[in-house]
Amino acid sequence: GEVLSPCGSIRLSAFLDETRRRDERFDVRYLLLPELERYGADVIVWQRVALPTVNQIETLSGLAAASGARLIYDLDDNLLDVANHGEADAYVGRVAAVKASLALADEVWVSTRRLAERIATLSKGAVRVLPNALDPDLWRTSIPKERAGRRSGPFRMLYMGTRTHDQDFKILEMSLEQLNRQHPGNFELTMIGVCAEDLAAHRWLNSLSPPAHIGASYPAFVHWFSQLQGFDLGLAPLLAGPFNDCKSSIKVLDYAALGIPTLASDVDAYRDDLLIEGHNVFRVENSSDAWVARISALMSAPDLLAEVERNSRCLVGRDRFLVAVEDREKRIIEQFDSRDGRTAATQRATNSSSGTVF
């Protein structure tokens with residue numbers, strides 16, 4: 001389209017642009033496939049189904065073979081198992097391109113260990129787990145703000161996500177209807193995206209849509225989203241399954257950047273090593289009774305909410321982002337050096353003006 005895909009912004013451009021700013025040896029270009037023939041790329045990175053057909057993957061293979069470019073493929077979702085997912089129709093016919101990408105790449109980057117295990121047998125090259133990290137300049141989290149404290153009024157919750165979570169929302173819907181019978185008028189949920197189907201009217205539900213001008217622009221969405229304030233808790237319900245189990249816990253990062261703690265389903269996607277129950281995240285079993293009990297308890301625990309939110313701030317910010325930038329930079333340099341079997345030290349000493357190109 002007219003902008004980078006949201007996944008491209010989250011997984012690639014933020015890190016590559018920061019690398020370009022930090023190191024003048026790196027010349028980063030964003031190109032269409034036909035343009036590669038006219039530009040001598042040293043390393044080529046592509047993602048998901050940016051090249052949606054096997055023919056395009058074969059074209060890329062030929063271009064790389066002719067120029068000696070190394071190939072890195074980034075995959076942040078289990079697109080091999082989308083049968084029961086909300087975006088299944090969008091990926092019909094593209095799974096073959098994903099498999100061809102995995103078979104071609106010299107190295108594959110993924111967002112989670114579980115996804116790495118799923119694709120390990122399909123990948124020709126090494127599979128590297130490079131977790132998500134938020135760009136602090138985009139999210140304005142270089143110096144996370146202190147939580148202002150519990151204000152008066154209803155307990156305010158937030159649920160944000162792509163319009164592919166209809167089934168996940170149903171867990172929440174039943175729970176909040178039950179909670180409303182126990183605490184009528186004491187809470188409200190603001191929901192952004194999430195459901196593709198029309199929602200039933202609920203007195204506790206406020207459905208909020210981003211302005212039309214945002215379109216598919218992730219930076220524009222973040223600029224709008226990061227200005228929302230006054231929430232007490234972010235919600236992340238998620239059903240277990242082959243696709244969801246390989247997902248990352250980026251929603252915890254999004255909420256942390258906004259200055260609110262997360263209550264997430266106790267499923268694989270939210271069991272990352274960095275996430276510690278009751279310390280920087282809350283987890284809950286996927287049953288209506290469990291969600292009702294946990295939300296009800298948190299509604300009367302402002303000090304605990306503040307502590308978990310404060311701890312979750314360590315998951316975002318400039319320090320964590322720069323670690324992620326350096327991890328990717330090292331991977332790129334290693335691929336660049338491996339083109340001719342040269343070591344990084346030899347390459348830098350003999351040809352310091354050469355750049356790494358995307």
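The following questions and answers concern the sheets and helix packing of a predicted model.

The model is predicted, and local features need pLDDT of at least 70, side-chain atom pairs count only at pLDDT 80 or more, and totals for chains, interfaces and linings use all residues. Residues are numbered from 1 along each chain as its sequence is written, and side-chain values use heavy atoms, with hydrogens and water left out.

Q: Which strands are the edge strands of the open sheet with the order β2-β3-β4-β5?
A: Helices (H or I, at least four residues) and strands (E, at least two) are DSSP runs, numbered from the N terminus. Four strands make up this open sheet, with parallel pairing, where two strands pair if DSSP finds at least two bridges between them. An edge strand here pairs on one side only, and the strands concerned are β2 (43-47) and β5.

Q: What is the average twist from one strand to the next in this four-stranded sheet?
A: Angles run from 0 to 180 degrees between N-to-C directions, and axes are lines fitted to C-alpha atoms, for helices over the stretch in contact. From one strand to the next, the twist averages 25 degrees.

Q: Which residue in β3 stands opposite Val 45?
A: Strand β3 covers residues 70-75 and pairs with β2 in the parallel sense over five bridges. Opposite Val 45 in β3 stands Ile 72.

Q: What is the handedness of the β-α-β crossover from β4 to β5?
A: Strands β4 (residues 107-110) and β5 (residues 126-129) run parallel and are joined by four bridges. Val 110 has Val 129 of β5 as its bridge partner. A crossover is right-handed if, with the strands pointing away from the viewer, the path from the first strand over the helix to the second runs clockwise. Here the chain passes through helix α4 (residues 113-119), and the crossover is right-handed.

Q: Which strands does helix α11 touch?
A: Contact means heavy atoms within 4.5 Å. Helix α1 (residues 6-22) lies across β2, β3 and β4, at about 140 degrees to β2. Helix α11 (residues 318-337) also packs on the sheet, and its direction makes about 170 degrees with that of β4. The strands touched by α11 are β2, β3, β4 and β5.

Q: How are α1 and α11 oriented to each other, and why?
A: Angles under 35 degrees count as roughly parallel, over 145 as roughly antiparallel, 65 to 115 as roughly perpendicular and the rest as oblique. The two helices pack at about 85 degrees, with their axes 9 Å apart. Therefore α1 and α11 are roughly perpendicular.

Q: What is the handedness of the crossing of α2 and α3?
A: The axes of α2 (residues 54-67) and α3 (residues 95-104) come within 8 Å and cross at roughly 20 degrees, and the helices are therefore roughly parallel. A crossing is left-handed if the near helix is turned anticlockwise from the far one by less than a right angle, and right-handed if clockwise. The crossing of α2 and α3 is right-handed.

Q: How many nonpolar, polar and charged residues has the contact of α6 with α9?
A: Helices α6 (residues 166-182) and α9 (residues 288-299) pack at about 55 degrees, with their axes 9 Å apart. The contact includes Leu 172 and Leu 176 of α6 and Trp 291 and Ile 295 of α9. Ala, Val, Leu, Ile, Met, Phe, Trp, Tyr, Cys and Pro count as nonpolar, Asp, Glu, Lys and Arg as charged, and the others, Gly among them, as polar. By these classes the contact has nine nonpolar, five polar and one charged residues.

Q: Which strands are the edge strands of the sheet with the order β8-β7-β6-β9-β10-β11?
A: This open sheet has six strands with parallel pairing. Its edge strands, each pairing on one side only, are β8 (205-208) and β11 (282-284).

Q: Which residue in β11 is the bridge partner of Leu 263?
A: Strand β10 (residues 262-265) runs parallel to β11, and three bridges join them. The partner of Leu 263 in β11 is Phe 282.
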